[in-house]
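This briefing looks at a ligand site and then at a small set of paired strands. Please keep the structure in view while reading the points that follow.

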Amino acid sequence: MPGTTLNGPSAHWHPFQNMSAPLDPLVLTDGEGVWMTARDGSRYLDATAGLWFCHAGYGRREIADAAHAQLLRMHAYSTFGDYSNEPAENLAQRLSGLAPGGPWKVLFTSGGSDSVETAVKYARRYWNLRGYSERTVILSRRDSYHGMHAAATDISGIPANRVGYGTLLPDHHLIARDDAQALEHAIKEHGAERIAAFVCEPIIGAGGAHFPPAGYLTAVAEICRRHDVLFIVDEVTTGLGRTGAWFASEAFGLEPDLLLCAKGLTSGYMALGAVLVHHRRTAPFWDGGEVFRHGYTYSGHAAAAAVALANLDYLTDHGLLAAAQRIEDRLPRLLGDLASEGVVQSVRTGPAALAGVQINPQLVREDPSLVPRAVLAVREAGVLTRGLACGALQISPALCITDEELEALATGVRKGLKSLS
Ligand code: PLP
């Protein structure tokens, strides 16, 4: 019968969810600042900014108004060939000015995975056009997360997400997470003349909230420069304010060849991503007459770009980059003592407004339901979080969170975790 489903009452197939188990979804209806309301009226403090995206907070009229105005005027048109629109032109110019050490050229996408896929294709096409068609190998890090498209799935270092697909991206190798020498060795092992690019998140997000050891990022940047390997920095979670700078690349003193962003670019008010290509790597296309035969229907979507511009204004006008710095300063004091709670092994904090509350891996091995139970217990205590790949709870609130709300976040996490022991 049309409209019925065999295995449950809902037709909605949730990402990353066992749909054969009974499911009573938390249906959220409203958001204001960092506060979410569910259909049954219960309220929660959102500790994760949705999926790392909501830097400005929920319910921002300025951003909604920008969307409304652009949707009515001209919501979208092609940007293929010689077509363009004003919001896309303005946003590209603005991003080129915000990213460190430009100028940059900006390719628009519809999200983070699109940006990663675009960057991988760009790297190969770039070397091919420069006469180095054997430079096809992509290197990336264990524990990294770069999204869900084919190349992105393969280059992400989370084994569970790669199971069962075979080789989605030939000529790809994973290297150790925090060891610059591992990059040097991989380049030597495969031959620098074969390596197209090294892709890395400045701070690993979904793979567990892992901060880089001091000096790691500048060391890998230097290795890439020395071997003429494209240095692709995936700033889908760190970009647009999470580190207190517009980009983590600036905070860590990096000048990548390609810089990828999405999420915080619009604070999630619309789906939009971008690939920034440093001008030193644009020559085959911007000087050589070659065409990058790549683009998406919604590349440079006018309403999404208008939303991004309004979001950048919001972050600027409300001092939310400085706010990220304040959150970063407070998180160690607020969460640090959780490491003495029963199920917590450690709390990872570092130079960004984010933390990972690591549930003891030994306990997780003994009881794989521990992390989902921890997430639910914290929810019962009024705070929304989620379990990351390595069994850490994600703490990455909207940058508008007040000191009082940060205290409430920490109290809720503590209370929830205590109820498990
Ligand atoms: N890259 C990083 C670092 C991410 O964290 C994510 C998503 O979490 C992606 C890429 C993929 O982005 P999307 O889910 O928008 O495709």
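In this predicted model, a nitrogen atom of the ligand is placed 2.7 Å from an N or O atom in the side chain of D234. The protein buries 81% of the 390 Å² that the ligand exposes when taken alone. The points below take the ligand site before the sheet.

**Ligand surroundings**

- The residues that surround the ligand are G111, G112, S113, Y145, H146, G147, E201, D234, V236, T237 and K263.
- Sorted by class, this shell comprises 6 polar, 3 charged and 2 nonpolar residues.

**Polar contacts of the ligand**

- The side chain of K263 has an N or O atom 2.9 Å from an oxygen atom of the ligand.
- With G112 it is the backbone that takes part, since one of the N or O atoms there lies 2.9 Å from an oxygen atom of the ligand.

**Sheet**

- An open sheet is formed by 4 strands in the order β1-β2-β3-β13, and the pairing among them is mixed.
- The edges are occupied by β1 (28–32) and β13 (383–384), each of which has a single partner strand, so one side of each is left without a neighbour in the sheet.
- Within this arrangement, strand β2 (residues 35–38) runs antiparallel to strand β3 (residues 43–46), and 3 bridges join the two.
- T37 stands opposite R43 in β3.
- In general, strands of a sheet pair through backbone hydrogen bonds, in either a parallel or an antiparallel manner.

Notes:
Residues are numbered from 1 along each chain as its sequence is written. This is a predicted model: local features need pLDDT of at least 70, side-chain atom pairs count only at pLDDT 80 or more; totals for chains, interfaces and linings use all residues. Side-chain values use heavy atoms; hydrogens and water are left out. A residue is near a molecule or strand if one of its heavy atoms lies within 4 Å of it. A polar contact is a pair of N or O atoms within 3.5 Å; within protein, one must be able to donate a hydrogen and the other to accept it, and residues adjacent in sequence count only if both atoms are side-chain atoms. Accessible areas come from the Shrake-Rupley method with a 1.4 Å probe; for residues, only the protein chains shown count as cover. Ala, Val, Leu, Ile, Met, Phe, Trp, Tyr, Cys and Pro count as nonpolar, Asp, Glu, Lys and Arg as charged, and the others, Gly among them, as polar. Two strands pair if DSSP finds at least two bridges between them.
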